[in-house]
Amino acid sequence: MVARSIHSSRTPVATPDEGLVADLLPPMLVLLATLAGAAIGLLLLNRWDGNFWPYAIILLLMSFLVVSDRFRRRGDLHKASVVVVTALTLLPVLSCAAFGFVNNIFLYLSVLGVFAAGIMVSSRAPFRAAQAAILLYLILLLGADLIGQPRPTWFEVIGQLLFQIALLLGAATLSWAAAYVVRGTISWAIDTAQKSERREQLLRETQASLERALLERDLLNEQLYRTTLALEEARAAAEAAYRSKSNFMATMSHELRTPLNIIIGFSTAILEHPEMYGDVKLDEQILQDIAEIRRSGQHLLGLINDILDLAKVEAGKLELNKTNLQLLPLLEETIRTAQALINDRPIQLRREYCEPLPTVFADEVRVRQVLLNLVSNACKFTHLGEIAVGARADSNEVILWVRDTGIGIAPADQERVFQQFEQIEHADTRQHAGTGLGLAICRWLVELHGGRMWLESELGKGSIFFFSLPRTRAGGESPL
């Protein structure tokens, strides 16, 4: 028992495919019906009056046929197959009771049942069917007298038995091998079909996903198109508002400059040329008030000029009068302006440039404006140390800078100082309040020349503002 269980655990039992069994059962039932009909025809022809075994075999055959068909109709294909295999295996052996043991050709039909057992029942069924057929044959031989058949000689018995055993075991072996081959082929076909079905299902899902993605893409494209149209409209409206604002600022700046110039002119005339008014003498307090009027007017005029420059840059109306410009005179003029701005403060001015410097292709007025703005800021925020103006020549440009040892600028504010109306929070900035336009205008002016502007600064130690200008090419040609 233990050996059998071990053997069964090592040898897997191949079970038949239900589809194959369902296809084989009807032909097998037809075969049984044919055998029954043939047997009935033989009975009608021969009329075995003294032997009831042919009638019993036909009755059993018809019973097996009916039972198997009933199981098939109920869907129990395994039991129907067992009944068919039993009928095909045992009834031919049982025919020895009707036709004897010698020269009985029906005996060999049991091979069909053994072979069908491997295909329709299981891989072990052929050997069990062969064992049952051999056992039934031996029982019939031992009871030959009881079934009314002559007992064959021992020589005939041994020869017939050995031949029957060899035939049945050979058929069982072939059926076992065929069962594994057929079931392996069927399993491969089923597995292939399942894989194909899975691939087809995956393909359908992928196709559905692709269709959804295409639909989503079309919807997104439609939304993008509508968003683009809205953005275009918004940009056009913003540009129109921007131009309107710039035009308004430019117009208002012009309108404000005229009365301011008159105020500054008359106050300057009163202070510097009092003889123009004859013998009229003004008190010192009045002269101080007039001087304050002139300083305030000049400050306001500077602010208006910054706003006017900003408006021109934004409106694209600022034109540069570029020429081949010598930098040394501008640098010396910047040094003199710085000297006047620092007054008596303990600040040392330094020149960080050497002669000669190459010419640049730039607008002299605008370059002077940039340098004076940078020097003015350095003088405002430096109380001790030094202020330097420098320049050096590179291959395609000249880099200029203004360096100071003032309050410095924090890293978080270094980009913000170049934006419009932006000022860093510091006690000195509150003391020297401005519009926050100077550095923004300076960067725009430099970029209009095709240069760039940047800074290096450390809070509490000072700042260096750099800007570059394109060099004049050899032969006095302007750069492209």
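**Figure 1. Glycine 390 sits in strand β4.** Glycine 390 is found in strand β4, which runs over residues 385-393. Like every view in this set, this one shows a predicted model. With a relative accessibility of 0%, glycine 390 counts as buried, because buried means under 20%. Now look for arginine 351: it is 39 residues away along the chain, yet the C-alpha atoms of glycine 390 and arginine 351 are separated by 6.0 Å.

**Figure 2. Strand β3 is covered on both faces.** Start with strand β3, residues 360-363, and look at its two sides in turn. Val360 and Ala362 lie on one side, Phe361 and Asp363 lie on the other, and all of them are buried. This fits a general pattern: in a regular strand, side chains alternate between the two faces of the sheet. Next, find the partner strand, β1 (residues 322-325), which pairs with β3 in the antiparallel sense over four bridges. Which residue of β3 is the bridge partner of asparagine 324? The partner is phenylalanine 361.

**Figure 3. Helix α3 has a buried side and an exposed face.** Helix α3 spans residues 53-74, which makes 22 residues. From its first C-alpha to its last, α3 reaches 31 Å, close to the 32 Å expected at 1.5 Å a residue. The buried residues here are Trp53, Pro54, Ile57, Ile58, Leu61, Leu65, Ser68 and Asp69. They cover an arc of only 145° around the axis, which puts them on the same side of α3. A general rule helps in reading this view: an α-helix has 3.6 residues a turn, so residues three or four places apart point the same way. What does the face turned away from the buried side of α3 carry? There you will find the exposed residues Leu59, Arg70, Arg73 and Arg74. Just after α3 comes glycine 75, with a positive phi of about 95°.

**Figure 4. Helix α7 and its buried residues.** Helix α7 takes in residues 125-142, 18 residues in total. Its reach from first C-alpha to last is 26 Å, close to the 26 Å expected at 1.5 Å a residue. Several alanines are among the buried residues of α7: Ala125, Ala129, Ala130 and Ala133. Pro126, Ile134, Leu136, Tyr137, Leu140 and Leu141 are buried in α7 too.

**Figure 5. Two places along helix α9.** Helix α9 covers residues 154-272, and alanine 178 lies in it. Is alanine 178 buried or partly exposed? Alanine 178 is partly exposed, with a relative accessible area of 21%. Glycine 118 is 60 residues from alanine 178 in sequence, while the two are 7.4 Å apart in space, C-alpha to C-alpha. The other place to find is isoleucine 270, also in helix α9. Isoleucine 270 has a relative accessibility of 22% and counts as partly exposed. Leucine 287 is 17 residues from isoleucine 270 in sequence and 8.2 Å from it in space, C-alpha to C-alpha.

**Figure 6. Helix α14 and the residues beside it.** Leucine 437 has its place in the loop between α13 (427-431) and α14. At 0% relative accessibility, leucine 437 counts as buried. Glutamine 419 is 18 residues from leucine 437 in sequence and 7.6 Å from it in space, C-alpha to C-alpha. Moving on to α14 itself, eight of its 11 residues are buried, leaving the helix mostly covered. Those buried residues are Gly438, Leu439, Ala440, Ile441, Cys442, Arg443, Leu445 and Val446. Just after α14, glycine 450 takes a positive phi of about 90°.

**Figure 7. The largest cavity and its lining.** There is one cavity of 30 Å³ or more in this model. How much space lies in the largest cavity? It holds about 40 Å³. To trace the lining of the largest cavity, find Arg366, Val367, Val370, Leu445, Val446, His449, Phe467 and Leu469. The elements that give two or more residues to this lining are α12 (364-380), α14 (438-448) and β7 (462-470). Which element gives the most to the lining? That is α12, with three residues. By type, the lining residues of the largest cavity divide into six nonpolar, one polar and one charged. Two names here may look familiar from the α14 view: Leu445 and Val446 help line the largest cavity, and both are among the buried residues of α14.

How values were computed
Residues are numbered from 1 along each chain as its sequence is written. This is a predicted model: local features need pLDDT of at least 70, side-chain atom pairs count only at pLDDT 80 or more; totals for chains, interfaces and linings use all residues. Side-chain values use heavy atoms; hydrogens and water are left out. The expected span of a helix is 1.5 Å times one less than its number of residues. Buried means under 20% relative accessible area, exposed over 50%, partly exposed in between (1.4 Å probe, protein chains only). The arc is that of the directions from the helix axis to the C-beta atoms. On a 1 Å grid over the protein atoms alone, a cavity is a set of points where a 1.4 Å probe fits but cannot get out, and a pocket is an open set with protein on both sides within 12 Å along at least five of seven lines; lining residues have an atom within 4 Å of a point. Grid points are joined across faces, edges and corners, and a volume is the space filled by probe spheres set on the points. Ala, Val, Leu, Ile, Met, Phe, Trp, Tyr, Cys and Pro count as nonpolar, Asp, Glu, Lys and Arg as charged, and the others, Gly among them, as polar. Two strands pair if DSSP finds at least two bridges between them.
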